[in-house]
Amino acid sequence: MSKFRLYNLITGWTVFLIASITYLLTIEPTTSFWDCGEFIATAYKLEVGHPPGAPLFMILARFFSLFASDSSHVAKMVNSMSALASSFTILFLFWTITHLIKKIFNKNDLSLSQLIIILGSGIVGSLAYTFSDTFWFSAVEGEVYATSSLFTAVVFWAILKWENVADEKYANRWLILITYLMGLSIGVHLLNLLAIPAIVFVYYFRKYNISRNGIIKTALAAITILGFVQYGIIPGVIKFASWFELMFVNGFGLPYNSGVIFFSALIILLIVYGVWYSQKKELVLMNTIILVFTVILIGYSSFAMIVIRSKANPPMDENNPENIFSLLDYLNREQYGDRPLIKGQYYNSPVDIQEPYKKGNKTYTPINGRYEITNQKEAPNFDSRFTTFFPRMYSPEQDHIEAYKQWGNIKGRKIKYRDAGGEQKTITKPAFTENLLFFVKYQLGHMYFRYFMWNFAGRQNDIQGHGGILNGNWITGINFIDNALVGNQDQMPERMKNHKTRNVYYLLPLILGLIGLIFHQKKNVQQFWVIMLLFIFTGIAIVIYLNQYPYQPRERHYAYAGSFYAFTIWIGLGVFALFDYLQKKINPLFLSICITLICLILVPGIMATENRDDHDRSGRFTARDFASNYLNSCAPNAILFTNGDNDTFPLWYAQEVEGIRTDIRVVNLSLLNTDWYIDQSRRKAYDSEAVPFSLSQEKYRQGTRDVIYIVERIKEAIDLKKAIDFIASDDSKTKIRPQPGIELDYLPSKNLKIKIDPSVIIQNNVVSEQNRGEILSSMKWKLNRNYILKNDLMVFDLLSNNNWERPIYFAITVGRDNYLNLEEYFQLEGLACRVVPLKTKEIKGEIGRVATDIMYNNMMNKFKWGGINNPGVFLDENNLRMTMNYRSNFARLAHALLDIGKRDSALAVLDKCVELMPDELIPSNYFNIPLAEAYLRAGKDTKAKLMIEKLSEVCEENIKYYLSFNRKQLQLIEYDVGREISIMNELIRICDKYKLASISSDLKQKLNMIYMRYSEKMK
């Protein structure tokens, strides 16, 4: 073994050990928010998660879960898998950097200084990635991105290994390994496929004489191969199989799956014959291509587990992909809709009058031994005058449109057209340059380069940014730069300056990486373009493909980890570039040691120091405990409606993995728009009985009753059960006909009611004994829109058939649009509102009533808090948002207790809230106002004054900071200034109401000064 190889191995594994210790010490000990809960739950019991699935990840995670001592440690083991996958990524990154630098020397005998600088460059580059914001974020949670990064690192390292032995007899085994790994990676995430262009160019540069035409042909070949794998193999093989299945079952009358079996056998026979024939004729290229295709299929075969497990009908079986047609929809992510990429509409494009809709994919459903077409999707066919090449601004959502106008600075061009009714209208079509401006400013600048700078320059905070100057921006730590980017840094409040998520690297990683990039381009242009292709395709190419609309539900930096991986290769090369430039002026041995140490301290050293506190999730159990609290807010055998990821996935984890409150049926309202999810809800799951829907499957099958329009032919309230029967009827008399030959289901009234039998309410303990006198004879409400969706229909179906036998709840985080105007019948019992036959008018935005006894018991005795009051536990933006719900709930409970004379209980609630969420850990905000008022009502003026003073101090500090901005910057944060002023006005109102004259006078004086300064600034 050569000296270099020995030290390269030892140093590489040392770097791996550093990364492993870092990640294993900072992993979250349980589930995290967003998709982690779902991934861990599906892995633990090998269930079916959201499309397009991650079966290999699930298999690997299930293996790691076997080492858990009990179910509460399953998530920790899966998170440990991500940590170790990330550590191995760092290992292969180190070996990649040292390989590239050694290739520059192009010799085996290295001097000691050369050996040190090669290893030092690898250490600095790999540790820079170890401690980078995005990669560290993914390394400590149970998500697919860490494992996906490992596949990218290994295949890129493998192609470099192939490059060393490309002329040897069995060199192609490396290519076979790479393609097998890529096939496997499909079962984790498709991101790894984006390394294909870089790999193709490594092959070209090694095997062919370089020419302009050769580069063009190679680029086309790389794109073709990438497209073939992503669109030809992944859905293509399944699509071919579906054709055979349809022919064998519907055409030949054979049993289900006969066509799939025949197709699979045919593929195997063709592969065997192809391998035999190519070997016999010594057709090396043909043999390699067949083997490459074969091992991709073998790796891809992990998706068989999705079908197998779906056949078993587990509780989590998203999209129910148990036949070839539903599997195809699953892989194509049909439930998420589509977005235009090459040519398409603008946000305000009208449909073509002559042909407003075009037919899409058919839905085949197994019925009575055949596959029947039960739905055919329709897509809008937009007027070609209002479409564009490379459409970037396509979403018709109103808030997205406003953002498009801001980012694209849209003036547009007015075009007249006639609508379907013949009326002439005018539409302002955005100019193509405005379309590109949005692409450059938002999609590239905001949704990629901002994240890039987070990792190599610095990060303002972890509050999601939407283009303002206060949150989510990149910074440097260099004041004159940051002042120009995000306003005056000198006047920033101390809590902002010292916030854990404010990380600054003084541009040092960026500068070192740019030095490496320039050096690489000059020293070895071929290798440079290979790394550049990896950088572009795992970064900018993803931006183009995702075509993201504004106001994403979360920051998306994790998607670009591969691009940041590529840049850290240049950080490593930057170390070597400094050595190469100075070695003739300074003693090489001394220089190699000094440069390595200096770069190690100034780049990964600073990054580790800055990022440690906000990437350490150890001791944080918030997501698991929040989920437990949602479930424990509900009475036994309840049905709980949720809507978003963070009020659903952690609950799935809590039930599926840790077995918490499995008597509760969690029903996600977004998924309730799909027939497969309704089917699953009608099955018993653990201790939860089936959801009592009355509609039969053919009544809600996809394409049937997806939208029910409301045509008010009856003004008075109609019984909900009769309304459901009317909608479900196939009688033509219950349809409307907007056009000849088209019949649509409709609801004949916006006013609905449910008759109440008080004896049933009392028997089922729906309301407390003291409220029995308020039970209504009927619940009446009016819908405030002109249509209902399938999920609304199913909620109404449940309400009409449940007969108050099972408690029905809405999570407090469900949006009001999903309440169906039932708010007057809500009863708050914790983190969920129960539907009860008691009417409560909304007061000051507070919906429903408070069940004081139930809520007090839940919040004071049952709820767990996940370490939110532990100074050593880092709470990110998601966790802090949840604390707002808690503060609001504590305040509301306290006021409700005071309303009924339970002062001591109210004080206990308020003190509990302050104890759990002290100002030092969770800064005062608007939700402290009702807490302070409750203290005043309870006669605890001192505590109230302290809370008011703290909140007013926060407001004053914020406003002082905002007023240090220039006029243009201040215009960008008018909303934020207005929010702080509103809080101060509300504090004044409370002080006046409870006769706190001195505080009120002081606040008024300060507010007047603020108004004066603000007016002067805005002149």
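In this predicted model, Pro-366 has Tyr-371 of strand S3 as its bridge partner. That pair is a good place to begin a walk through the fold.

## A hairpin

Strand S2 covers residues 357-367 and strand S3 covers residues 370-380, and the two pair in the antiparallel sense over nine bridges. Strands of a sheet pair through backbone hydrogen bonds, either parallel or antiparallel. Together S2 and S3 form a hairpin, with two residues between them. In the turn sits Asn-368, whose phi is positive, about 55°.

Just ahead of this hairpin is Pro-350, which belongs to the loop between strand S1 (343-345) and S2. Is Pro-350 buried or exposed? Pro-350 has a relative accessible area of 10%, and since the cut-off for buried is under 20%, Pro-350 counts as buried. Leaving aside neighbours within four places in sequence, its contacts are Phe-382, Asp-383, Phe-386, Tyr-417 and Ile-427. Take Ile-427 as an example: this residue is 77 residues away from Pro-350 along the chain, yet their C-alpha atoms are separated by 8.7 Å.

## A sheet of six strands

Now turn to an open sheet of six strands, in the order S10-S9-S18-S20-S19-S21 and with mixed pairing. Why do S10 and strand S21 (849-850) each have one side without a neighbour in the sheet? Both stand at the edges with a single partner strand each, so one side of each is left free of a neighbour.

At the S10 end, strand S9 (residues 639-642) and S10 pair in the parallel sense over four bridges. Two places let you follow the pairing residue by residue: Ile-639 is opposite Arg-665 in S10, and Leu-640 is opposite Val-666 in S10. Between the two strands in the unit comes helix H26 (residues 649-656), and S9, H26 and S10 make a right-handed β-α-β unit.

In a regular strand the side chains alternate between the two faces of the sheet. You can look for this in S10 (residues 665-668): Arg-665 and Val-667 point one way, Val-666 and Asn-668 point the other way, and all are buried.

## A helix with a buried face

Which residues of helix H16 (residues 398-408) are buried? They are His-400, Ile-401, Ala-403, Tyr-404, Trp-407 and Gly-408. Seen down the axis of H16, these residues fall within an arc of 165°, so they line one face of the helix. The face turned away from that buried side carries the exposed residues Gln-398 and Gln-406. Part of what covers the buried residues of H16 is helix H17 (432-456). Right after H16 comes Asn-409, with a positive phi near 50°.

Another helix, H13 (residues 284-300), contains Asn-287. With a relative accessible area of 13%, Asn-287 is buried. Not counting residues up to four places away in sequence, Asn-287 touches Val-275, Ser-278 and Gln-279.

## Backbone details in loops

Some loop residues have backbone angles worth finding on your screen. The table collects three of them.

| Residue | Angle | Loop lies between |
|---|---|---|
| Pro-52 | omega about 0° (cis bond with Pro-51) | H2 (36-44) and H3 (55-65) |
| Asn-320 | positive phi of about 50° | H14 (304-311) and H15 (324-331) |
| Tyr-506 | positive phi of about 60° | S8 (503-504) and H20 (508-523) |

Asn-320 has its positive phi although it is not a glycine, and Tyr-506 is likewise not a glycine. Tyr-506 is partly exposed, with a relative accessible area of 37%.

## Space inside

How many cavities of 30 Å³ or more does the structure hold? There are five. The largest cavity has about 450 Å³ of space and is lined by 28 residues. Of these, Phe-137, Arg-459, Asp-462, Asp-876 and Asn-878 lie nearest its centre.

Helices H6 (133-139), H24 (588-615), H25 (622-632) and H33 (877-899) each supply at least two residues of this lining. Which element gives the largest share of the lining? That is H33, with four residues.

Technical notes
Residues numbered from 1 in each chain as written. Predicted model: local features only at pLDDT ≥ 70, side-chain atom pairs only at ≥ 80, totals over all residues. Heavy atoms only, no water. Buried < 20%, exposed > 50% of the residue type's maximum accessible area, 1.4 Å probe, protein only. Pairing = 2+ DSSP bridges. Right-handed = clockwise from strand over helix to strand, strands pointing away. Arc of directions from axis to C-beta. Contact = heavy atoms within 4.5 Å. 1 Å grid on protein atoms, 1.4 Å probe; cavity = no way out; pocket = protein on both sides within 12 Å on 5 of 7 lines; lining within 4 Å. Points joined across faces, edges and corners; volume = space filled by probe spheres on them.
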